[in-house]
Amino acid sequence: MATVGFALTFWAWNLVSPLSGDFKDRLGLSSFQQSLLVAVPVLVGSLGRIPAGALTDRFGARLMFPAVSALTIVPVLLLIPAKNSFGAMLAVGFLLGLGGTTFAIGIPLVNSWFPPAKRGLALGVFGMGMGGVALSGYFTPRIAKHGQDLPFWIVAAALVVYSLLAAVLITDRPDRKVPTQSLAHRLGQAGRLRVTWELSALYAIGFGGIVAFGVYLPTYLKTWYALSPTEAGTKAAGFALVTVLFRPIGGWLSDRTHPALVTAAALLLAALMAIVQAFDPPLNPLGTIALLCMAAGLGTASGSVFALVSQVTPQAQVGSVTGIVGATGGLGGFVPPLVMGAIYSAKDSYSIGFMLLSDLALAGCVYAFGRMRTVRGGG
């Protein structure tokens, strides 16, 4: 139920992006305004995970999951009257960010129900719900061909059904520890844990890399390899699919060996493949292999980092820590596309951008192997 809810709310969260070209034409937007339209829900959804995780620690997922899913219906339906005004679209996009917060509700729920030896795989399977973004990218424009407002009605109807089912079927663990301190105090406590920021940095590399490539890969393939928009979109979808499939593999491996070792190995693979791609290999087959292996590494790392969260974080603080780590990962995806675009504009090359990515992934690999293997925390 958590995975289905995560996928559905992420589809809702990503409703604007696949249709942004239509909005640009209809409202006469500049490229910057179009980017802003896509960025607002992502920013709000990423930052919103911080309070959502802390509220889940306090009130439980049984209340939070159906509530947030039901509230997300409002901005989805508001997209219909708002679609003819840029200002109204920005305001609705802000509210739509709510759909991106469910990640921080599902992690503490799944974490509490599974014994430590099975948590990695369970969290990895839940993490596959991020495929809701890919589902939206594929289906939303195709549904819109049958009617401008049809995607919004279909997603809203699916959320209504899900909210009702979640209210009945999602239950919190009976012996769940309920914190009594205020929201601000608990977030402050989570923020003072050193592991919160160490995990945030690792997740910003793994999941941030996935977000960055989801946003920028079509542009890179069109610009550098002169692919058509359709070809570039298909290859980018393949990259996204690999990251989704490898997330539970990262969790599963983390149940069998220390998640820090899995994270280090996955980031090392991503770093090596980024170096290969920096030398501008031909797309078929070497470039495709390098990009797909990079996707496998980043997907595995994003799965293993949350297995690490459950190992090194006290149980009652998992939601608060997850919120901060999840927010950092989402925000981590904003920097690389800006850097890649700026470097390409200045140097007419993507090589420097890929070398910077390899440096970052290598630093994460060394830190995960050298430091995170030795961290102990609450199970």
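Here is a walk through three helix pairs, one pocket and two backbone oddities in this predicted model.

Let's start with α4 and α9. Helix α4 covers residues 61–82 and helix α9 covers residues 150–169, and their axes come within 9 Å of each other, crossing at roughly 165 degrees. Angles over 145 degrees count as roughly antiparallel, so α4 is roughly antiparallel to α9. If you look at the handedness, α4 passes α9 in a left-handed crossing. On the α4 side, the residues that meet α9 are R62, F65, P66, S69, A70, T72, I73, V76, L77, L79 and I80. Facing them from α9 are F152, W153, V155, A156, L159, V160, Y162, S163, A166 and A167. Sort that contact by class and you get 17 nonpolar residues, three polar ones and one charged one.

Next, swing over to α3 and α10. Here helix α3 (residues 31–59) and helix α10 (residues 183–192) have axes that come within 10 Å and cross at roughly 110 degrees. Roughly perpendicular spans 65 to 115 degrees, so that label fits α3 against α10. The crossing of α3 past α10 is right-handed. From α3, the contact draws on I50, P51, A54, L55, D57 and R58, while α10 puts in L183, R186 and L187. The class split for this contact is six nonpolar, no polar and three charged residues.

The third pair is α13 with α17. Helix α13 runs over residues 259–278, and it packs against α17 at an angle of about 160 degrees, with the axes 8 Å apart. With the antiparallel cut-off at 145 degrees, that angle makes α13 roughly antiparallel to α17. As for handedness, α13 passes α17 in a left-handed crossing. The α13 residues in the contact are A260, L261, T263, A264, L267, L268, A271, A274, I275, Q277 and A278. Their partners on α17 are S351, F354, M355, L357, S358, A361, L362, G364, C365, A368 and F369. Counted by class, the contact of α13 with α17 has 17 nonpolar residues, five polar and no charged.

Helix α17 turns up again in the second largest pocket. Three helices, α11 (194–225), α16 (335–347) and α17 (351–370), each give at least two residues to the lining of that pocket. So who supplies the largest share of the lining? That is α11, with 10 residues. The whole lining comes to 21 residues, and A212, V335, P336, L357 and L360 are the ones that lie nearest the centre of the pocket. One of them, L357, is also part of the contact that α17 makes with α13. The space inside the second largest pocket is about 360 Å³. By class, its lining has 17 nonpolar residues, four polar and no charged.

Finally, two spots in the backbone deserve a look. Just past the end of α11, in the loop between α11 and α12 (229–256), sits A226. This residue has a positive phi of about 55 degrees, although A226 is not a glycine. The other spot is the peptide bond from N284 to P285, which is cis, with omega near 0 degrees. To find P285, go to helix α14, residues 283–312.

Terms used
Residues are numbered from 1 along each chain as its sequence is written. This is a predicted model: local features need pLDDT of at least 70, side-chain atom pairs count only at pLDDT 80 or more; totals for chains, interfaces and linings use all residues. Side-chain values use heavy atoms; hydrogens and water are left out. Axes are lines fitted to C-alpha atoms, for helices over the stretch in contact, and angles run from 0 to 180 degrees between N-to-C directions. Helices (H or I, at least four residues) and strands (E, at least two) are DSSP runs, numbered from the N terminus. Angles under 35 degrees count as roughly parallel, over 145 as roughly antiparallel, 65 to 115 as roughly perpendicular and the rest as oblique. A crossing is left-handed if the near helix is turned anticlockwise from the far one by less than a right angle, and right-handed if clockwise. Contact means heavy atoms within 4.5 Å. Ala, Val, Leu, Ile, Met, Phe, Trp, Tyr, Cys and Pro count as nonpolar, Asp, Glu, Lys and Arg as charged, and the others, Gly among them, as polar. On a 1 Å grid over the protein atoms alone, a cavity is a set of points where a 1.4 Å probe fits but cannot get out, and a pocket is an open set with protein on both sides within 12 Å along at least five of seven lines; lining residues have an atom within 4 Å of a point. Grid points are joined across faces, edges and corners, and a volume is the space filled by probe spheres set on the points.
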